[in-house]
Structures are given as structure tokens and as C-alpha cells.
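Colleague: Hey, have you got a minute to walk me through this one? I'd like to know how to read it.

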Amino acid sequence: MSSSLRKILICGLGSIGRRYLRIINQNMPDIKIAVMRSGYGPFCEEVKLIDHQTSNLEESIAWGPDAAIISSPANLHVDQAITLGVSRVPCLIEKPLGSGDESFDKWEKIVHLSEIVPMLMGYIHRHDPCTMLVKKKLEENLLGNVIEADFHCGSWLPKWRPEIDYLKSVSANKVLGGGVLLELSHEIDIANMLLGPIKLKYANLKPSGLLPIDVEDRAYLIAENSKGVLISIRINFCSEPSSRKAIIRGEKGAIIWDIALGKLEIRNDKDVIYQYKNMLDRDSLFLIQIKHFMDCVFNNQNPKCSVAEGKYALEIAQRAKEIYKLNSLSL
């Protein structure tokens, strides 16, 4: 492998794959881009940016990529990462790590491969400056003893991707790894990064009945960390207006973070003692993540979100399904 990225493979050309394709083409025009796609997806303008197209991993690996971005449906992530990892192709794996239905042997293999071949989980909020600042303020004990935290994300799925029928999207289909727990697992990952490891205590996944889909469209989770901090995670894609916020409360104050607007505020009982506004747009965060991935590949930097951490977020999501099912059976 060369000391710089010359050729990159993108597995899947859905909305997130198109975003990666466009950002790399705009900011790193010297990099050759191959896309592996099924051929069943709709035509998109980004196809014009592709240097090479393949239909399977064997062709893709033969092309000789220096690295790969896995942005296919969640149910394909683990198998694709294992195949690429065995061929020593570093991977940026879009969240979630998988669908949760993978075998124990596959989990064991991908975790082992990630210790040999650079692999990064694509939890984009790990690269948000606000996330780093919240982590820093908590480590500085600015709030004193943390008492509770709430992580919330709500939006309206039919408006996510106006160019396609949402009923045919990954988000709306169980077989593809859809559902709010996996599609909005950012909140699970952020909670775990800032306050974890967290342990799930309660889960309610009762459907809203507003969307004709076979996956959960809302989830209400209650967790706790080793210090007894109570953590609520409330996520849905059946409400408007869109909102993404986190509030962490302690004995000496509170952190109020509007994730969607990139605004961070820390208050004590009298005043606002700290403010920050993130001026980066979403594409800029993805570009930071791509550059970090390159540092992991070529400069031996540790991933900001490892495969093991991605696996833990997925395990929490799966545990939520188990708890809800058990509670439903006992009623």
C-alpha cells in the first residue's frame, strides 16, 4: 500500500454513498473512485463522478483499492467488512455496524480483523467539535456530580430523502436493517461515548401507528452508567419539526446542546457560563471523518470510533428489542 490514498472503493450508492462520493470528488480530485452497486438503484447525477464501477466484491478488490467505505444497507456491512478485511483493505463502515442478526463467528471475526486492519465506524457526531467540548467539560468536572442526561432526536421519515419512496428505503425495511434503533443509533453512541459504558434498564418500542412500516419508528430507552447517572434516549422518525438535542444535568449546572444547530451552552443556577457555536455544515463533518479515516490508514492513528464500540452500540439496540419483547409478552 502506498503512503497516500490513490484509489478508494465505495460500497453502495444510496444517499450516504452519494454524499461520500461527492465530498471526495470535490475535495480530493486526484483520488480515483470506484463504486460497487447492485444496479437496481435509481439513476443519480453522482454516477458521473465515478471512475470505475463494479458489481461485486471480487471485482472491487481486483481493482486494487487502498481503502473502502461501506455505505450499503446495514445487513450487508459485516460480510463486506470481513471480505475486505481479509484482503487487507481498510474500511470506514457507516453506522450501524450490522443488523444485529449476524452469527457469533462473524462478530468474532470482524472484531479480530479490526485489530489487524484499520477499521473506523462512521458515527459522524464523534467528529463534531461540540462532542469534544462536552467530553472535555465533563472530564473537568464542571457540572460536579452528573445526575441525569437526555438524548433526543425526532424527525419525519417521509421527508428524509424526498427523491425516493421512503417505504422502499433501508430505514423502513426490517430485512435491510432499518428501524429507528439502528438508523438513529447516533444517540446511543454519543451517550455511551460521553457517559458510558451504559447499561440498558428499560425499553419501549411501541409503534406510533403513523407510518405503514414493519420496523419500530420510535424508541424510548432508559439506561444507567457505573456512577448511577440516569440516561434517557428518545429517538423517532415520526414527528415534526426535526429536533436533535442533548441535555446533561449535574449538581452544579447543566449542558444544553442543540446538536442539529451546533449550539452548546453551559449554565449554572444563575448564569450562562459557557457558549459555543459550531460553524461546520454536515458535509464538513463528513470531510473531517474521511481525513481521520486516512490518518488511521496511513498514520497509525487510533479510530475515534472502533468496531468494538460500534458493536456495543448495536448490542444496546438489540437488547432494547429483547427487553421490549419480554415486557410485551408479560402483559
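**Walking through the model**

Modeller: Sure, let's begin with alanine 320, which is buried, with a relative accessible area of 0%. Keep in mind that this is a predicted model.

Colleague: Okay, and where does alanine 320 lie?

Modeller: Alanine 320 lies in helix H9.

Colleague: Which residues does alanine 320 touch, not counting residues up to four places away in sequence?

Modeller: Leaving those out, alanine 320 touches Leu181, Leu200, Ala203, Leu205 and Leu221.

Colleague: What about the nonpolar core, how many residues does the largest one have?

Modeller: The largest nonpolar core has 74 residues. Ile93, Ile110, Phe151, Leu221 and Ile231 have the most contacts inside it. Helix H9 (residues 307-330) gives the largest share of this core, seven residues. There is also a second, separate core of 27 residues, which includes Ile24, Val35, Leu285 and Leu287.

Colleague: Is there a general idea behind that?

Modeller: Yes: in soluble globular proteins, nonpolar side chains tend to be buried together.

Colleague: Pick one for me. What does isoleucine 110 touch?

Modeller: If you don't count residues up to four places away in sequence, isoleucine 110 touches Val78, Ala81, Ile82, Ile93, Leu97, Met119 and Val307.

Colleague: Let's switch to strands. Which way do the side chains point along strand E9?

Modeller: They alternate along E9 (residues 218-224). Ala219, Leu221 and Ala223 point to one face and are buried. Arg218, Tyr220, Ile222 and Glu224 point to the other face and are not buried.

Colleague: And which strands pair with E9?

Modeller: Strand E8 (residues 199-204) is joined to E9 by five bridges, and the two run antiparallel. In that pairing, lysine 199 stands opposite glutamate 224. E9 also pairs with strand E10 (residues 230-236), again antiparallel, over seven bridges. There, alanine 219 of E9 stands opposite isoleucine 235 in E10.

Colleague: What sits between E9 and E10?

Modeller: Five residues, and the two strands form a hairpin. Glycine 228 in the turn has a positive phi of about 85°.

Colleague: In what order do the strands of the open sheet come?

Modeller: The order is E3-E2-E1-E4-E5-E6, six strands with parallel pairing. Strand E3 (52-54) and strand E6 (119-122) are the edge strands, so called because each pairs on one side only. From one strand to the next, the twist averages 20°. Inside the sheet, strand E4 (residues 67-70) and strand E5 (residues 91-94) are joined by three bridges, and isoleucine 69 stands opposite leucine 92 in E5.

Colleague: Which helix packs on the sheet?

Modeller: Helix H1 (residues 15-27) does, touching strand E1 (7-11), strand E2 (32-36), E4 and E5. The direction of H1 makes about 160° with that of E1.

Colleague: Any helices against each other? At what angle do H5 and H7 cross?

Modeller: The axes of H5 (residues 129-139) and H7 (residues 186-195) cross at roughly 30° and come within 10 Å. On the H5 side, the contact is made by Thr131, Met132, Val134, Lys135 and Leu138, and H7 brings Met193, Leu194 and Leu195. By class, that contact has six nonpolar, one polar and one charged residues.

Colleague: Last one: is serine 155 buried or exposed?

Modeller: Serine 155 is buried, because its relative accessible area of 8% is under 20%. Serine 155 lies in strand E7 (residues 146-156), and a polar contact of 2.8 Å joins its side chain to that of tryptophan 160.

Technical notes:
Residues are numbered from 1 along each chain as its sequence is written. This is a predicted model: local features need pLDDT of at least 70, side-chain atom pairs count only at pLDDT 80 or more; totals for chains, interfaces and linings use all residues. Side-chain values use heavy atoms; hydrogens and water are left out. Axes are lines fitted to C-alpha atoms, for helices over the stretch in contact, and angles run from 0 to 180 degrees between N-to-C directions. Helices (H or I, at least four residues) and strands (E, at least two) are DSSP runs, numbered from the N terminus. Contact means heavy atoms within 4.5 Å. Ala, Val, Leu, Ile, Met, Phe, Trp, Tyr, Cys and Pro count as nonpolar, Asp, Glu, Lys and Arg as charged, and the others, Gly among them, as polar. Buried means under 20% relative accessible area, exposed over 50%, partly exposed in between (1.4 Å probe, protein chains only). A nonpolar core is a set of buried Ala, Val, Leu, Ile, Met, Phe, Trp, Tyr and Cys residues joined through side-chain atoms within 4.5 Å. A polar contact is a pair of N or O atoms within 3.5 Å; within protein, one must be able to donate a hydrogen and the other to accept it, and residues adjacent in sequence count only if both atoms are side-chain atoms.
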